[in-house]
Amino acid sequence: MTVARVSPEPSGQIAQARVVASVVDLKIHFESKAGRVHAVDGVDFDIRDGETLGLVGETGCGKTVTARSFLRLVPMPPGIHAGGAVFFRPHQRCANCAGEGCVECGDTGRLPIECPQCLGGGCHACDDTGSETIDLSTLPDRALRDIRGDRIAMIFQDPAKALNPALTVRAQIAEVFYQHRTTELLERAGLGSRPNPLLRRHITQRARTIERGLLALPPLRSRRDRIERVVDDLVAAALAETQIPNPLKVMARYPHELSGGMKQRVMIAQALACNPDLLIADEPTTALDVTVQARIMELIKDLQSRHKSAVLYISHDLSLVRRICDRVAVMYAGRIVEIGRTEEIFADPLHPYTRGLLAAIPSRSHDRGRLVAIRGTVPELIDPPPSCRFVARCDYAVEVCGTIDPELTSGPDQHGVACFIHHPPDRAGEVPSFSRRTS
Amino acid sequence: MTAAAQQTGVARADLRGEIAISVRDLYKHFPIREGALQRVAGHVRAVDGVSFDVRRGETVGLVGESGCGKTTLGRCVSGLTDPTMGGVYFDLTTAENERIDAILAVPENGRTPEMTADLEDIDRLHRIDRLKNKEWLRYRRNCQVVFQDAFASLNPRQLVREIVGRPLKVHNEASGNELTERVVELLERVGMSRQHLYRYPHQFSGGQRQRLSIARAMALDPELIVLDEPTSALDVSVQAQILNLLNELQQDLDLTYLFITHDLSVIRHMADRVVVMYLGKVSEAGSTEDIFDDARHPYTHALLRASPDVDDDPDAALVTLEGSVPDPARPPQGCRFHTRCPVATETCGWEVDDVVRWLEDEQGMFETLTDVAREDAFTADLVFSDESSAERLATALRSESVPSAAREALIEMKTETTRVHVAFKPVPEIELTRRGPGHVAACVHDQMPALD
């Protein structure tokens, strides 16, 4: 399959940064009674180390499905992986500074892992980068579990639903450490690398009831408690990082005892506990009030600049994306229609849909009743015809838009857009233009 | 549109600017019940003394964070719930309105029998929770509601014709073919058509469902529509369609809107006047320009500075608010916002609860607190289980770890082994004061001090 790959080269430091994850021609479909729903239909983008990429679009445009396919959280069936892949280059803890941050790892505490096939020389499997590249869409479940919550973490939209109501805050955050930091916990508790098998089962949360009983008895109890104290410290530190006042008190609480903003902080603490390479934030502030939203946004921004993780920020709110993201990808009906640096997208939107979205936000420059709404509704995604998906709502559409599917092509400044206004098709006919309204 | 509706439309245009709804000292408290006997343990003060007017033909925006009581207020105005105290008056003449204000200004035990009789007369005819039969029906016709969640507010088992035609049926306006025609007329008003008549709500998108809700609200040609977050569940492009539709309807039919939302950009776009609520009280009210360009309450300021606008400089830092909204069952004394206010002074109502809140956020302190013996809201003895905690509190209250305004308001503090006696300056509730024509704010500052 030949795919027009768009990998814009943003200016500044991020341009040199390595690509931490790339989505290549990803297609996720859903089987329904009416036919095959093409929820994500050929999405391409790269995320670089330390950058924040915004994914914006309306309800049902496939942005959440794209994000969830990173961790294979889309249920299959009814979902179908119809093509493409998600590549990911994991990091490991910097051995030099034990994750504290040093010159060698650039204060991130993380270093790339060498490609096992070419040992850093660069080969086909790692796309000549020399670092290990994993295809998340074919990875075995067991290996994927090691990545979920450790190398790639996710913040969900509604913290009230994403946190387990039956567990305390401590138990939920501790799980991350038990699952992904087993050896580190043993080290910190001073138990060495080969502890009692019961303690090992305890630390990986596999101890059965009777084993838990044994662990509560004298010879093992003190060692178990030592582990628990280490976990307590780690959890408290993770919570303190998100500026939660009095973390020790919050740890003992259940999610329903906390306010919405506090719950979202707990989620963030949980997501950042293992210093992930990639953080996926799926509308993290939609369920919150404006005042709380502002604080959570500042917090994510601040934590990102300290940990230098890459962030995939999904939102439908353009004014938020503008503040927090380095690059923005605009999705419409399962496709990316425009991608580029934030300033460029907002200063000079190329796609008619992006222009429509920006004009529809009520701002102080609009007169009352004069909002420029995009007419019509989002098209059905069941077996879409080969045409521009936006053709029925576009003010500039001509015949060619309804017969050929425009590809996402990048312009001179690496600002990609899928529209014939900027990249007229080879088979010349009437070409659409912003200077001529057709409807 | 029917001839009758057109006639009222003409009459309505003449009435523009008259008061349609007067909300006077409205209280709505919900009991908190606990224990096996469901004993009332306290009250959530959802709406706690709110007064404002809605004039005919204007849009009044009601903004605030979640839990500030804006939806409850909307439900009181639309008659969906009865207020605990105070009332919503409908269709008062200017003279009656002045009379009622004069009577309500006098405390209840100081009113003359004549005043009480007058109030009773007005209440019986205009206070919506006192209306009976015909008058009540008339109010229900004239005040309709559009709810936030168009998924939940349309009956999934009814067809569009039944949903939108229901009000017409209830009020015996139309039936049979006439009903169908009236429904088609309404659907066309909101940008839908005859083809949608025999469908179920699940067959529509969110935007179309909200259009159906609006069509249903329009069915009886009401004067006032309470819009409770009508667009917060919609995408921005669809929101623009709905907002344009609401504006068009208002201009054609001289409607009055009470627009409840938490989205300030929508409010700025839609409202003529804005009422800002915080913890059940009005913190500021005024024309849209007053609120957005000359806000006099720090809370309004905080809201404005926290909500990003696409036209703003994206690099300008958002000013964020510290802390969270206090418990509405125990609202703070003085100004309710003082716990989070960046410019609070000693006269803002610092109290014992502020100390307790501080203890909650301090590691290892709240656990050692065994008792709070209150004399009143401003004076109390805090009892700890050990002396060191008491000592720690006493030093903290003198140090930078509490706001300097709180330290100034602290008039007395004594430490006796494990007891700490604290007394703050008693402060009355901060009332709304006039800041300009039609612009009121409840803040001790005359001018908003500069924030940094």
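**Exercises: sheets, helices and two chains**

In chain B, strand E10 and strand E11 (residues 379-384) run antiparallel and are joined by 5 bridges. (Strands pair if DSSP finds at least two bridges between them; helices, H or I with at least four residues, and strands, E with at least two, are DSSP runs numbered from the N terminus.) The model is predicted: local features need pLDDT of at least 70 and side-chain atom pairs pLDDT 80 or more, while totals for chains, interfaces and linings use all residues. Residues count from 1 along each chain as its sequence is written, chains are lettered from A and ligands numbered from 1 in the order written.

**Exercise 1.** Work out the strand order of the open sheet in chain B, and find its edge strands.

*Solution.*
- Step 1: Start from the pair you've just met, and pick the residue in E11(B) that faces Val372(B): that's Leu382(B).
- Step 2: Now line up the whole sheet. Its 4 strands go E10-E11-E13-E12 in chain B, with antiparallel pairing.
- Step 3: Look for strands that pair on one side only. In chain B these edge strands are E10 (369-374) and E12 (410-416).
- Step 4: Check the twist, which averages 15 degrees from one strand to the next.

**Exercise 2.** Which strands of the sheet does helix H13 of chain B touch, and which does helix H14 of chain B touch?

*Solution.*
- Step 1: Take H13(B), residues 352-361. This helix packs on the sheet and touches E10, E11 and E13 (419-424) of chain B.
- Step 2: Compare directions: H13(B) makes about 170 degrees with E10(B). (Angles run from 0 to 180 degrees between N-to-C directions, and axes are lines fitted to C-alpha atoms, for helices over the stretch in contact.)
- Step 3: Move on to H14(B), residues 387-398. Also packed on the sheet, H14(B) touches E11, E12 and E13 of chain B, and its direction is about 155 degrees from that of E12(B).

**Exercise 3.** Describe how H8(B) and H9(B) pack, and list the residues that meet.

*Solution.*
- Step 1: Find the helices: H8(B) covers residues 206-218 and H9(B) covers residues 236-253.
- Step 2: Read off the geometry. The angle is about 15 degrees, and the axes lie 10 Å apart.
- Step 3: Classify the pair: H8(B) and H9(B) are therefore roughly parallel. (Under 35 degrees is roughly parallel, over 145 roughly antiparallel, 65 to 115 roughly perpendicular, the rest oblique.)
- Step 4: List the residues. H8(B) brings Gly206(B), Gly207(B), Gln210(B), Ile214(B) and Met218(B); facing them in H9(B) are Val238(B), Gln241(B), Ile242(B), Leu245(B) and Leu249(B). (Contact needs C-beta atoms, placed from the backbone, within 7 Å.)

**Exercise 4.** Now try chain A: how are H5(A) and H9(A) arranged?

*Solution.*
- Step 1: H5(A) spans residues 169-180, and H9(A) spans residues 218-241.
- Step 2: Their axes come within 9 Å and cross at roughly 105 degrees.
- Step 3: That makes H5(A) roughly perpendicular to H9(A).
- Step 4: From H5(A), the contact uses Arg170(A), Ile173(A), Ala174(A) and Phe177(A). From H9(A), Val231(A), Leu234(A), Val235(A) and Ala238(A) take part.

**Exercise 5.** Which helix of chain B gives the most residues to the side that touches chain A?

*Solution.*
- Step 1: Count both sides of the contact: 36 residues come from chain B and 37 residues from chain A.
- Step 2: Gather the helices on the chain B side. H9, H10 (264-270) and H12 (298-306) of chain B each supply at least two residues.
- Step 3: Pick the top contributor. H9(B) gives the most, with 8 residues.

Definitions and conventions
Two residues are in contact if their C-beta atoms, placed from the backbone, lie within 7 Å.
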